[in-house]
Amino acid sequence: MKRRELKKNIRFMTSELLAECLWLKHTQTNVSDDDINNLIDSIFIMHNEYISRLSHVDSRQTRLFFRKFRNDLVSQANDIVAQISSLA
């Protein structure tokens, strides 16, 4: 997969996570705004971190880099989804 496609996938994933947070903020009255705002901040940080990491690939160890990149991305996205689920 090309870097351009990976960046598009990261943007899509983070936009979906943000949409879930905003939906939760507007539909659930028992959830504090601070919790949701902290979650939104962590999504923005995740987005910026992974786009930046993708822009600086070590050409000698690309296979190892992309394997670790994918595992880290999936792990962090699953953590955020678990946080969203716990707030709902």
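## A salt-bridge network and a helical core

Glu49 and Arg53 sit 4 residues apart in helix H2, so about one helical turn separates them. This is a predicted model, and that pair is a handy place to start looking around in it.

Their side chains meet in a salt bridge, with N and O 4.0 Å apart. The general idea is simple: side chains of opposite charge can pair when their charged atoms come close. Spacing along a helix matters here too, because an α-helix has 3.6 residues a turn, so residues three or four places apart point the same way.

How many salt bridges does the structure hold? There are 3, and here they are side by side:

| Pair | Closest N to O distance |
|---|---|
| Glu49 and Arg53 | 4.0 Å |
| Arg53 and Asp72 | 3.2 Å |
| Lys68 and Asp72 | 3.0 Å |

Take the middle row, where Arg53 bridges to Asp72. That pair ties together distant parts of the chain, with Arg53 in helix H2 and Asp72 in helix H3, 19 residues apart. Now the last row: Lys68 and Asp72 are both in helix H3, 4 residues apart, so about one helical turn lies between them. Put the partners together and Glu49, Arg53, Lys68 and Asp72 form one network, joined by salt bridges that share partners.

Are these four tucked away? Not fully. Glu49 is partly exposed at 34% relative accessibility, and Arg53 is partly exposed at 22%. Asp72 is partly exposed as well, at 24%, and so is Lys68, at 49%.

Next, have a look at helix H3 itself. Running from residue 62 to 87, H3 has 26 residues and spans 37 Å from its first C-alpha to its last, close to the expected 38 Å. Which residues of H3 are buried? They are Phe65, Phe69, Leu73, Ala77, Ile80 and Ile84. These buried residues pack against helix H1 (3–27) and helix H2 (33–55).

That brings us to the inside. The largest nonpolar core has 21 residues, and Ile10, Cys21, Phe69, Ile80 and Ile84 have the most contacts within it. H1, H2 and H3 each supply at least two residues of this core, with H2 giving the most, 8 residues.

Cys21 is worth a click in the viewer. Setting aside neighbours within four places in sequence, Cys21 is in contact with Ile36, Leu39, Ile40, Ile43 and Ile84. Of those partners, Ile84 is one of the buried residues of H3.

Note on methods: Residues are numbered from 1 along each chain as its sequence is written. This is a predicted model: local features need pLDDT of at least 70, side-chain atom pairs count only at pLDDT 80 or more; totals for chains, interfaces and linings use all residues. Side-chain values use heavy atoms; hydrogens and water are left out. The expected span of a helix is 1.5 Å times one less than its number of residues. Buried means under 20% relative accessible area, exposed over 50%, partly exposed in between (1.4 Å probe, protein chains only). Contact means heavy atoms within 4.5 Å. A nonpolar core is a set of buried Ala, Val, Leu, Ile, Met, Phe, Trp, Tyr and Cys residues joined through side-chain atoms within 4.5 Å.
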